[in-house]
Amino acid sequence: MNHEWATLAGKAQAGDRAAYGVLLTGILVPLRSYVARRVRQSDSREDVVQEILISIHKALPTYRPGEPFEPWMYSVARYRVVDHFRRRGRALQREDLRGDLSTGAEFTATETGTVASEDVPLGEDISAALGAIPERQRQAVLYLKRDDLSVRDAATRMGVSESSLKVLAHRGYKALRTLLTKGSSLSEDRSAHRRTRTER
Amino acid sequence: MKTEALIAELARNVETPSRPARTHSRALVVWLSGTAVSIAIGTWILGVRADIMLMLATPRYVLEMVLILAVAASSGAVAVLLAYPGRFRARLAVFALATVMSAWLGALVCLAFLDLKRGSFSTVEWGYSCTLFALALAVVPAAILVTLVRGAAPTRPTLNALAIGIAALGAGALGLHVHCTTDGALHQFAWHGVPVVVLSALGASTGWRLLRW
C-alpha cells in the first residue's frame, strides 16, 4: 500500500488527476481512523479530515517521489490535528473572554466543544442574525471567523474563487452589522417604551 | 462541502500546486550562501579585529570558530529539514540542537576553567553591545530561513522557529567572533553564547505563528 501511494503521489506531482483522485480516496480511510483516534468531538472529525486533505494538496510539492509516503502524510495529518486543538482552545478562550465581558453571563464549554450559555444576549443576537442572512454568506463568515480558516482554505471548501469568497464574507458582515444594529436599536426602543409606561 | 466533493475539487486542481517545489538541499544551499554573504558584509561594516591573522593561527580561537560554525550550519540544516514533512524526526532535531549548543557552551566553560588553572581567570566583561551586534547580524539570515521554511510545509512550527533562531543567531555570533576583541571565555559565554539560546527561545515562543500554513 505504502509503495502504491508513493507511486500515485509521484504521478500526482506530475499532474495526473486520476492518480491524485485515487490517492486521496485511498488515504481517506486511514486518515479518518487517525483523526477518530485523536479527536474526541465526533462533529468536527470530518472537518479535520478535510483540512488534512487540503494541507496534503498544498504540501504535495514537498513530497520526494520514491520515498515512503506514509511518514510524510502522517506528519501533515499530525500538524493539522494539533492545529485543530490549538484553534479550538483559542476559540474557547475567546468565548470565555466574551463571557467575562458580558453582563454576568456565564459560559460553559460542553463536551462537544460548543459553548453553551445561561444568559447570553449577545450570543443569541448573533445566532439569530446569522440565521437571517443567506446560507452562502453565513458559511463564508463561519469558515473565516469561527473556524479561523484562511481565505484560500475557505474558498476551496466552498468551491468558489478567493475573490468570490471575500465578496460573500463582506456581504455577510455587512448584513450582520445591519441586523445587529437594528436589533439593538429595537431593544433600546422597547426598553424606553417600557420605562415610559412605568412612569405613567 | 462533502469530503468526496472536496477530493474531486482537489484532483481537478492538481496541476496548479499552490507552493513551488524546492528540494531541501537546494534550500540549504540558498541559506548558506545568502548567510555567508550577509555575514561577510555585516562584519565588514562592523569592522574586523586588527589581529585576525594572528588569531587564526591560535588553536583556541579556531576551535571556538569551528564550534560556532557547527551551531549555525547544523541548526540551519535542522530548520530546513523540519520544513519537509516526514524528513526529520522532532526528537532527533531536539537532540541535534541540544548537542551543538552544549558543545559550544560547554567548551567555553571548559576554557574558563583552563584559564582559572593557569591563573589568568577572566571576569565577565560587560558586553551587551556584542549581543546587539549578533542580533543585527542575524536579521538577514533569519529572514532568508523564514522565507525558505514558509515556502515548504513546516509541521513543527515551534521547534522549527527555535532552530531558525539558533541558526540565525549562531551565524550572527560567527560574525561577532571576527569582530569582538574580548577573548575571555566567560565574556563569550555570557554575551555571545547564552543570548543565542535565550533569544531563540523567546523568538520561538511567538515566532512560530510566522510558520503557520
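Hi everyone, this is a short talk about one helix of chain B and about the interface between chains A and B. Please keep in mind that we are looking at a predicted model.

Let's start with the helix, α8 of chain B. α8(B) runs over residues 185–207, so to speak 23 residues in all. From its first C-alpha to its last, α8(B) reaches 30 Å, close to the 33 Å expected at 1.5 Å a residue. Where does α8(B) bend? Have a look at Val194(B): the bend there is about 40 degrees, and a proline, Pro195(B), follows within four residues.

Pro195(B) is also one of the buried residues of α8(B). Others on that list include Trp191(B), His192(B), Gly193(B) and Val196(B). And what do the buried residues of α8(B) pack against? In chain B, they pack against α4 (59–82), α5 (90–118), α6 (128–151) and α7 (157–179).

Now to the interface. Here 40 residues of chain A are in contact with 33 residues of chain B. The two chains bury about 3,100 Å² between them, and carbon and sulfur atoms give 61% of that area.

For those of you who like polar chemistry, seven residue pairs are in polar contact between chain A and chain B. There are also three salt bridges across the interface. One of them joins the side chains of Arg87(B) and Glu67(A), at 3.4 Å from N to O.

Which helices of chain A supply at least two residues each to the side that touches chain B? They are α2 (17–38), α3 (42–59), α4 (69–101) and α7 (151–158). α4(A) gives the most, with eleven residues.

Thanks for listening!

Notes:
Residues are numbered from 1 along each chain as its sequence is written. Chains are lettered from A and ligands numbered from 1 in the order in which they are written. This is a predicted model: local features need pLDDT of at least 70, side-chain atom pairs count only at pLDDT 80 or more; totals for chains, interfaces and linings use all residues. Side-chain values use heavy atoms; hydrogens and water are left out. The expected span of a helix is 1.5 Å times one less than its number of residues. The bend at a residue is the angle between axes fitted to the seven residues ending there and the seven starting there. Buried means under 20% relative accessible area, exposed over 50%, partly exposed in between (1.4 Å probe, protein chains only). Contact means heavy atoms within 4.5 Å. Buried area is the accessible area (1.4 Å probe) that two parts lose on being put together, summed over both. A salt bridge is a side-chain nitrogen of Lys or Arg within 4 Å of a carboxyl oxygen of Asp or Glu. A polar contact is a pair of N or O atoms within 3.5 Å; within protein, one must be able to donate a hydrogen and the other to accept it, and residues adjacent in sequence count only if both atoms are side-chain atoms.
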